[in-house]
Amino acid sequence: MDPRTAARAVAAVLTADAAVHLYWTTGLTWPAPDRATLSHLVLNADVPFTPRVLLPLATLLLGAATLLLTRTGHLPALARRLPAPLLRLAPYAITAGLLLRALAGLVWTTGLGSSPADPFYWLNLALYTPLCLLCAAATWTVARSRP
């Protein structure tokens with residue numbers, strides 16, 4: 001895959017994820033009926049879905065998307081302002097983060113910490129973990145490319 005295409009694809013996923021997190025900061029809980037159910041659908045745990053938790057995560061996701069796009073020449077004005085080592089190393093860090101989440105997802109697919117009776121188990125198996133693996137592979141392409 002072309003690194004520029006890979007960066008656009010991963011940035012789109014990260015931006016969509018950030019948008020959903022920003023949506024949840026409003027107190028709305030789609031696709032779940034309430035915050036407790038949402039927490040279990042997304043994280044398989046009781047985690048507060050509050051702006052204090054969600055805003056830093058959305059910021060991290062948008063920052064990662066921006067760094068990938070900048071690294072691959074989509075934002076040249078920003079590239080001139082950011083340190084070259086940051087643009088060189090960011091895709092590796094993003095790949096590592098995605099792989100860590102994918103690894104956790106693979107552990108959960110074994111039933112450790114997750115039960116096939118829970119909706120999270122199936123969302124993780126069908127969506128979360130495969131998407132993290134695909135995004136990690138695409139981000140690795142960006143990391144290994146020439147700036």
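Scan the whole structure, which is a predicted model, and five aromatic pairs turn up. Take Phe120 and Tyr128 to start with: their ring centres sit 6.0 Å apart with 45 degrees between the planes, which makes the pair tilted. Those two rings also belong to a bigger picture, since Trp108 joins Phe120 and Tyr128 in one aromatic cluster. Phe120 itself is buried, at a relative accessible area of 1%.

Step along to the next pair, Tyr121 with Trp122. Here the centres are 4.9 Å apart and the planes stand at 80 degrees, so this one counts as edge-to-face, because anything over 60 degrees falls in that class. The two partners don't share the same surroundings: Tyr121 is buried, with a relative accessible area of 10%, whereas Trp122 is partly exposed at 46%.

Now for the nonpolar packing. The largest nonpolar core has 19 residues, and the members touching the most others are Val10, Leu14, Leu68, Ile94, Leu98 and Val142. Four helices each put at least two residues into this core: H1 (3–24), H3 (51–71), H5 (84–109) and H6 (119–144). H1 is the top contributor, with six residues.

Ile94 is a handy place to look around from. Once you skip its neighbours within four places in sequence, Ile94 is in contact with Ala64, Leu68 and Thr139. Leu68 is worth a second glance, as it is also on the list of core members that touch the most others.

There is another core too, lying apart from the largest one: it has nine residues, including Trp24, Ala32, Val42 and Phe49.

Terms used. Residues numbered from 1 in each chain as written. Predicted model: local features only at pLDDT ≥ 70, side-chain atom pairs only at ≥ 80, totals over all residues. Heavy atoms only, no water. Phe/Tyr/Trp six-rings, centres within 6.5 Å; stacked < 30°, edge-to-face > 60°. Buried < 20%, exposed > 50% of the residue type's maximum accessible area, 1.4 Å probe, protein only. Core = buried A, V, L, I, M, F, W, Y, C linked by side-chain atoms within 4.5 Å. Contact = heavy atoms within 4.5 Å.
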